[in-house]
Each structure stands twice: as C-alpha cells, then as structure tokens.
Amino acid sequence: MGYWKEIVEGGWSLVEGMRVTVRRLCRPVVTVQYPRKQLNLSPAYRGHIEFKRFPDTGTHKCIACGACQRACPSHVIKVQGVKAHLNSAKTATHYFIDFSRCSLCGLCVETCPTKTLQYSREYELEGESRLDSIVDLMARLEQRNS
Ligand code: SF4
Ligand code: SF4
C-alpha cells in the first residue's frame, strides 16, 4: 500500500510542478541576462552615497561641516576641508566612505545642509579586500565630470 501511495504522491507532485511551470511561461520575463543587459533599477534604489554636481558651480557644495559624519550611526564617513581665506567657508578636500559598513540609512543625505549628497545608482561593485569598498567621493565626482 505504501508503495502505491508513494507513486501517487510523486505523480501529483510532478503535476503540481508542471502546473507552476506552465503558468510562469505566460508571464513577462523578470530576469535579466546580466552582464550583457543592464538592470532597470527602481527609482527608490540606493547605491552608496556620492556628491551631486550642481550646474551653477559645476561641482559639489560640500562645506566640510561634518554634520553627515556626526549623524552616521556606522561611523563610516571621513571628511576634511580647508578655507581658501580666513573669512571664507570651508570646501571639502577629502571625503571617504567605507561602504562595507554602511547601512544605507540615509541620515547623512537628510542631514546635509547643502543637499550635496545623493544615492548613486551604482550596483556593479566588487573587490578583493575590504579596502576596495572604500569610496572616494571627490575622485568619483571628478570621474563623472570627465
Ligand atoms: S547612509 Fe547611513 S550608514 Fe551609510 S554613510 Fe550615510 S549615515 Fe552612514
Ligand atoms: S553634511 Fe553635507 S556639507 Fe556637511 S560635510 Fe557632509 S556632505 Fe559636506
């Protein structure tokens, strides 16, 4: 009796599997032949942070105030800046983020008084060591400018 029961259950399982397969055949394809085709990202996608480039200045507007660095719960932001003159505002000279520990919480983006941070659309990230996950925002902006 157990033998016949196993055969019936196995047959039914096969029918169920085929039913799912046939139903899926009629639906639009959701997979992408990556890397030959690129992903169609949702507008809500968050890559690591990067500087915006403002049309009026042609560059970022980071004043190295450190608000993002203080707000970051993961302590992954390092920013430094200089004043061109004694009474002028600071301008960032170095801005690094260790993306391997970033939780993409968005506090840095929300805190920035000059709104110079945004989420990148980057998803092709790879590396051989943890140092490869450190993103140099200044260098990245220069690459995007060129
Ligand atoms: S998104 Fe959050 S965790 Fe990532 S750098 Fe900004 S504040 Fe830090
Ligand atoms: S909060 Fe904005 S302006 Fe201040 S250091 Fe961070 S990115 Fe620069």
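In this predicted model, the protein chain has 4 helices and 5 strands, and a reader who follows the sequence from its beginning meets them in the pattern α-β-α-β-β-α-β-β-α.

Consider next the overall dimensions. The C-alpha atoms of the protein chain fill a box of roughly 90 × 30 × 30 Å along the principal axes. The radius of gyration is 25 Å, whereas a compact globule of 146 residues would have a value near 15 Å. Of these 146 residues, 14% count as buried. Among the contacts in the protein chain with a separation of 6 or more, 69% join residues that stand 24 or more positions apart.

The interior can be approached through the largest nonpolar core, which has 17 residues, and inside which Cys68, Ile77, Ile97, Cys108 and Leu117 have the most contacts. Two or more residues are given to this core by each of strand S1 (49-51), strand S2 (77-83) and strand S3 (90-98), and S3 provides the largest share, with 3 residues. Ile77 is a useful residue to look at here: leaving aside residues up to four places away in sequence, Ile77 touches Cys68, Gln69, Cys72, Ile97 and Cys108.

Some of these names return around the ligands. Ligand 1 is surrounded by 15 residues, the closest being Cys72, Cys102, Cys105, Leu107 and Cys108, and its shell consists of 12 nonpolar and 3 polar residues, with no charged ones. Around ligand 2 there are also 15 residues, of which Cys62, Cys65, Ala67, Cys68 and Cys112 are the closest; here the shell divides into 11 nonpolar and 4 polar residues, and again no charged residue is present.

Conventions. Residues are numbered from 1 along each chain as its sequence is written. Chains are lettered from A and ligands numbered from 1 in the order in which they are written. This is a predicted model: local features need pLDDT of at least 70, side-chain atom pairs count only at pLDDT 80 or more; totals for chains, interfaces and linings use all residues. A nonpolar core is a set of buried Ala, Val, Leu, Ile, Met, Phe, Trp, Tyr and Cys residues joined through C-beta atoms within 7 Å. A residue is buried if 20 or more other C-beta atoms lie within 10 Å of its own, exposed if 12 or fewer, and partly exposed in between; C-beta atoms are placed from the backbone. Two residues are in contact if their C-beta atoms, placed from the backbone, lie within 7 Å. A residue is near a molecule or strand if its C-beta atom, placed from the backbone, lies within 6 Å of it. Ala, Val, Leu, Ile, Met, Phe, Trp, Tyr, Cys and Pro count as nonpolar, Asp, Glu, Lys and Arg as charged, and the others, Gly among them, as polar. The radius of gyration is taken over C-alpha atoms; the globule rule is 2.2 Å times the number of residues to the power 0.38.
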